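User: Please take a close look at one edge of a sheet in this structure, and set out how that edge is paired, what lies on its surface and how it is linked to the remainder of the chain.

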Amino acid sequence: MEAKIGSVFSDDEAMAIAISEAYKGAGRVSPNPLVGCVILDSKGVLLSKGYHEFYGGPHAEVNALKNLTEKNLKGAHVFVTLEPCAHEGKTPSCAKALAKLPIEKLTYGLIDPNPLVAGKGVAILEAAGIKTQLFNSSVAALNEELELVCEAFLWNFKMKKPFVTLKVATSLDGQIGLKNGESQWITGAESREYVHLLRSTHDAVLVGAGTVKIDNPSLNVRHPLIQKENKVIILDTNAEVISDFENLNLSKVHKSENIFWCVSGGSFKKAKEYCSKMTKYPQLISVDLKSEDEMNLDDLLEKLFEKEVRSILVEGGALTASSFLRDSKVNRICVFQAPIIIGSGGGKSWTENLKISSMKSRVHVRNVRTSTFGQDIMWSGRLI
Ligand SMILES: NC(=O)c1ccc[n+]([C@@H]2O[C@H](COP(=O)([O-])OP(=O)(O)OC[C@H]3O[C@@H](n4cnc5c(N)ncnc54)[C@H](OP(=O)(O)O)[C@@H]3O)[C@@H](O)[C@H]2O)c1
């Protein structure tokens, strides 16, 4: 749908435009939510739209109000994907700013998840005589879209943990590479470009030590339209790979403060000793063990949240992907499936750590969507 200023839109269409506005801030607003705003006049004519562009910058409502006069706003209907904020943070309260204007009505997509501020933005508007309503479309998919657009923010708020997306590139028969380590390339150039966009929409990219050893990846964002410095997380339980840190591609393209190297408590001293001999070294994180050589992923996620990591793209390899899956730590899954067959004889499955003995325990993916990239299909959906 083309959202042309001056065209007439229904309430559902206005909220759909606000949602697509919100996505324009993807990758730049964390730890804030993605928010979009649309303003219609009393006859449903689109006056303006806006979104939260970057962390610390003006909120969606303020951007949508830019260039509109009080005269324009007389009787206007404002649509915003999240309840306007009541508090003064890095920017002034949006609810207070809206309350001063001759707006007739405000429709908001979601109540603020913070119980301390939930309903307060709406109360400010109501007190100023502006009618408010929580959006509830007869089209269920549109209501779901509102949760989707700020899924990471809602999860962070509820669980105080980073939102985890697992990305895998597989053959039709579920292999992510060969047992001998060879894995390039499974998917085509279009899928791989989209993965860079996915990297840009997460705070950090995480891989296991095996992938670092075999692929020597850079794990940065290389997309023709996006520039972003992401964080990198490496799981190196026994501090084996860190000794070679200065020769790794990722050490050359990321700032030290953006690299979190996670080792077990027992290997922390060894890792520190290696670092003391380097001119450039990563941030070390000591993670509790769950068993002899497996990290406690709850402890890992809590520690990363403390380091202000709010969303993580887990990119493998097989052991890492399947331990996140087995321990129910994956919120969203993105599986890129290429039309090739590798065979389980020589292939490496991305679920090798996951052992299910009853069909009752099979893992269900919800709200599944598929997209096509060249010849590949991406399956995306929620697990938790
Ligand atoms: N097609 C794709 O999407 C894709 C993506 C990435 C990689 N790959 C391929 O996958 C292969 C590498 O996979 P891999 O399974 O050998 O290695 P991996 O998953 O990259 O790394 C495994 C290592 O990471 C650490 N680790 C991972 N999860 C852990 C956990 N829960 N607790 C503790 N440590 C954990 C362990 O380190 P310690 O050994 O120190 O215990 C483990 O040995 C390569 O061939 C690579 O090319 C494919």
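Analyst:
**A sheet edge and its surroundings**

Ser371 has Met378 of E18 as its bridge partner. The model is predicted. Strand E18 comprises residues 376-382, and six bridges join this strand to E17 in an antiparallel arrangement. Strand E17 covers residues 366-373 and is an edge strand, pairing on one side only.

The pair belongs to an open sheet of nine strands, whose order is E11-E10-E9-E8-E14-E6-E15-E18-E17 and whose pairing is mixed. The other edge strand of this sheet is E11, residues 283-287. Averaged over the sheet, and with direction ignored, neighbouring strands are turned by 20 degrees against each other.

Two helices lie across parts of this sheet. Helix H7 (residues 151-159) lies across E18, as well as across strand E6 (163-170) and strand E15 (332-337), and runs at about 130 degrees to E6. Helix H13 (residues 318-326) lies across E6, strand E8 (204-208), strand E9 (231-235) and strand E14 (311-314), with an angle of about 110 degrees to E8.

The surface of the E17 and E18 region includes a nonpolar patch. Val365, Val368, Ile377 and Trp379 make up this patch of about 330 Å². One of its members, Ile377, lies in strand E18. Ile377 has a relative accessibility of 37% and therefore counts as partly exposed, since that class lies between the cut-offs of 20% and 50%.

Strand E17 also takes part in a charged contact. Side chains of opposite charge can pair when their charged atoms come close. Glu145 and Arg369 form a salt bridge through their side chains, with an N to O distance of 2.8 Å. This pair links distant parts of the chain: Glu145 is in helix H6 (residues 140-149) and Arg369 is in strand E17, 224 residues apart. The two partners fall into separate accessibility classes: Glu145, at 15% relative accessibility, counts as buried, whereas Arg369, at 41%, counts as partly exposed. The class of Glu145 follows because its 15% is under the 20% limit.

The salt bridge of Arg369 may be placed in context, as a search of the whole structure finds 16 salt bridges. Among them is the contact between the side chains of Glu294 and Arg326, at 2.8 Å from N to O. Glu294 lies in strand E13 (residues 294-295) and Arg326 in helix H13, so this contact ties together parts that are 32 residues apart in sequence. Arg326 is partly exposed, with a relative accessible area of 27%. Salt bridges also link Lys290, Glu294, Arg326 and Asp327 in a network.

Another of the salt bridges joins the side chains of Lys255 and Glu229, at 2.9 Å from N to O. Here too distant parts of the chain are linked, 26 residues apart: Lys255 is in the loop between helix H10 (249-253) and strand E10 (259-264), and Glu229 is in the loop between helix H9 (209-215) and E9. Lys255 is partly exposed at a relative accessible area of 41%, while Glu229 counts as exposed at 54%.

To return to the edge itself, strand E17 pairs on one side only, is joined to E18 by six bridges, and carries Arg369, which is linked to Glu145 in helix H6.

Note on methods: Residues numbered from 1 in each chain as written. Predicted model: local features only at pLDDT ≥ 70, side-chain atom pairs only at ≥ 80, totals over all residues. Heavy atoms only, no water. Pairing = 2+ DSSP bridges. Helix = DSSP H or I, 4+ residues; strand = E, 2+ residues; numbered from the N terminus. Axes fitted to C-alpha atoms, helices over the stretch in contact; angles between N-to-C directions. Contact = heavy atoms within 4.5 Å. Patch = residues over 30% accessible without salt bridge, like charges linked within 9 Å, V, L, I, M, F, W, Y side chains within 5 Å. Areas by Shrake-Rupley, 256 points an atom, 1.4 Å probe, with all protein chains shown as cover. Salt bridge = Lys/Arg side-chain N within 4 Å of Asp/Glu carboxyl O. Buried < 20%, exposed > 50% of the residue type's maximum accessible area, 1.4 Å probe, protein only.
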